[in-house]
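Welcome! Please take a look at the model below and keep it at hand while you work.

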There are 2 protein chains.
Amino acid sequence: MELTVAEENYLKAIYHLSDAGKKSVSTNDLAAEMKNKPASVSDMLRRLGEKEVIEYRKYYGLQITESGKRLALQTIRKHRLWEVFLVEKLNFAWDEVHEVAEQLEHIHSPLLIQRLDAYLNFPKFDPHGDPIPDEFGDVRSRPRVELAEMEINQTGQIVAVKDSSAAFLRYLDKVGAYIGARIKVLDKVEFDGSLEIQVDQKKNLFMSKEVASNILVLQS
Amino acid sequence: MELTVAEENYLKAIYHLSDAGKKSVSTNDLAAEMKNKPASVSDMLRRLGEKEVIEYRKYYGLQITESGKRLALQTIRKHRLWEVFLVEKLNFAWDEVHEVAEQLEHIHSPLLIQRLDAYLNFPKFDPHGDPIPDEFGDVRSRPRVELAEMEINQTGQIVAVKDSSAAFLRYLDKVGAYIGARIKVLDKVEFDGSLEIQVDQKKNLFMSKEVASNILVLQS
DNA sequence: ATTATTTTTTACCTTTGGCTTATAAAATTG
DNA sequence: CAATTTTATAAGCCAAAGGTAAAAAATAAT
C-alpha cells in the first residue's frame, strides 16, 4: 500500500520527533510540527494506523512499526542523497537545498536511488553532516556533542548542525564554519556561555551560546 | 497561477498533438491520448482556459496561448534534461528512463533546471534524439526523414525514434541501431517496403517498413 | 477523590482535483 | 434536412487533506 506525499511527510516528522522511535510523540507536538490542528493529526494517525506504518492506540500514543520505520528511513535516505547531489554535483549552496530535496524525496524509483547512491560514491553523510541511512535503513551515526558543551582547549571537527534554516547556514558560511572544519575552543565566558573558537588553525571567531548549541562536533 | 501535475500533463499532450501549436486538436483525440473520457477532457479544457494557458472556444477548438506554450516547453525541457541525466550520469538504459523522467519533470525549481542543464553541458538532444528546448523555449530541431522514406544508397545518421515504447527500444538496442549510428540503405524491397541497412560500415540488417517508419534519420 | 484543566478524539463540514455517466446541444455528414 | 458524430453540461462520486465544535479521556490541582 502506497503512501501519499502528506503521509510520507507525517511519517518523517513522527520518526524525527520520536527520536528514531525511542520516545513517544504527542498529537499536539506533531500538530505544531506539521502546522496543522490536532484534530487533523488524529485523523492522519488513524489513517497511518490503517496502513500499518504506525501502531496507534488512541489517547495513549503511537509506535512506529518496522515497516513504518523502513519507509521513514527510505524517505530520509532519498532526501539526504539528493542533498548531496545538489551540493556536490550541481553546486548548490547548502542553504539552498532543502526545499528542492523536499520535492525530490517523493520521487518513487528504487532503481533511481540505487544508481544515484552509486554515482555519489555511497556517501555516508549529507551536506549538513546528518547520516544517510543505507538501503536497509541502517544508520551510521557518529557520537557528537554540542559545541556549546565543550570546554576550553578541547578540539574537534564540525560534523552537523541542528538548525538548518537558511539564515543560520548563511551565517555559518560567512564566518567560515563549514561542515568538516577543525575547531578548537580558545575561551569560554562563564557568564553567558559564549565562546571563542579557532577554525582551521587560523581564523578566530566569537559566537554566542545560542549559535554554539546548534553546532555539533565530533571531538578529537 | 500554478498548474497541477494533471494539468501539466494535459498541456504537454495538447502541445504534442497540436504539433507544436500548428494544427487544432480534438477533444476525442485528447481523451484517447490521456486515456480518459471526452467529458473529462472538456472539463479540463475549461480549467486550462480559465488559467489562460489555452484559448478555448467550445465546439470549435483550442489554441495554446503564449504562456501555455512556454509552460509546455518548460515541462518538455525538464523531461528531456532529466532523461539525459539518467542515461549519461546514472547509466540508465534508454528504455528505462521514461517513467522516472515523467515524475522528475514535475519538480518545480528553476534553479535546479538551470544547474542541471549546465552540469550536463547544455545538451541539445535527449537520448531518443528529441531536441531539448532552451530556457526560453527555443527548439533547435534538425530536419529529419523516416528511414522508410529513404532510397537505395542514401546515407545518414539515426537521430530519433518515433515510437519510444520499451519493447521497440530494446529491439533497436539488440540489433545495434542506436541514436547516432551512421546508416546506409543497401536495398529496398518494393513489394513490402522492407529495407536492408548497413550500420556503422559493418553490420547489415533487415527491417520491416513498420520498423523503418519509426526511425528518424538526418540525411547526409 | 473529586474537580478542573489539558490533551486527544470524534463527528461533521468544506474544498479541491479529477474523474464518471447520462443527457443535451452543436457540428458535420449523407 | 435528417442522421450521425462530436462536444459540452449537469450531476454526482471519491479520495485527500484540512477545519470547527463538541465529547471523551487523561492528567493535574485542590
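Three exercises with worked solutions follow, all on this predicted model.

**Exercise 1.** Find which residues are closest to DNA strand D, and which elements supply its surroundings.

*Solution.* Start by counting: 22 residues surround DNA strand D. The closest of them are A:T4, A:A6, A:A39, B:S26 and B:A39. Next, look for elements that give two or more residues to this surface: in chain A they are α1 (5–17) and α3 (38–50), and in chain B they are α2 (27–34) and α3 (38–50). The biggest share comes from α3(B), with six residues. Finally, sort the surface by residue type: nine are nonpolar, seven polar and six charged.

**Exercise 2.** Now do the same for DNA strand C: what surrounds it?

*Solution.* Around DNA strand C there are 22 residues, with A:N28, A:A39, B:A6, B:A39 and B:S40 the closest. At least two residues each come from α2 (27–34) and α3 of chain A, and from α1 (5–17) and α3 of chain B. Here α3(A) gives the most, namely six residues. By type, the surface near DNA strand C has nine nonpolar, seven polar and six charged residues.

**Exercise 3.** Work out how chain B can be laid on chain A.

*Solution.* First, take the operation: a turn of 179 degrees with a shift of 0.0 Å along the axis lays chain B on chain A with an RMSD of 0.1 Å. This is therefore the relation of a two-fold axis. Then check the contacts: both copies use the same surface, as 100% of the contact residues of chain B recur in chain A. To locate the axis, go to B:L104, whose C-alpha comes closest to it among the residues of chain B, at 3.8 Å.

Methods:
Residues numbered from 1 in each chain as written. Chains lettered and ligands numbered in written order. Predicted model: local features only at pLDDT ≥ 70, side-chain atom pairs only at ≥ 80, totals over all residues. Near = placed C-beta within 6 Å. Helix = DSSP H or I, 4+ residues; strand = E, 2+ residues; numbered from the N terminus. Nonpolar A, V, L, I, M, F, W, Y, C, P; charged D, E, K, R; others polar. Least-squares fit on C-alpha atoms with pLDDT ≥ 70 in both. Contact = placed C-beta atoms within 7 Å.
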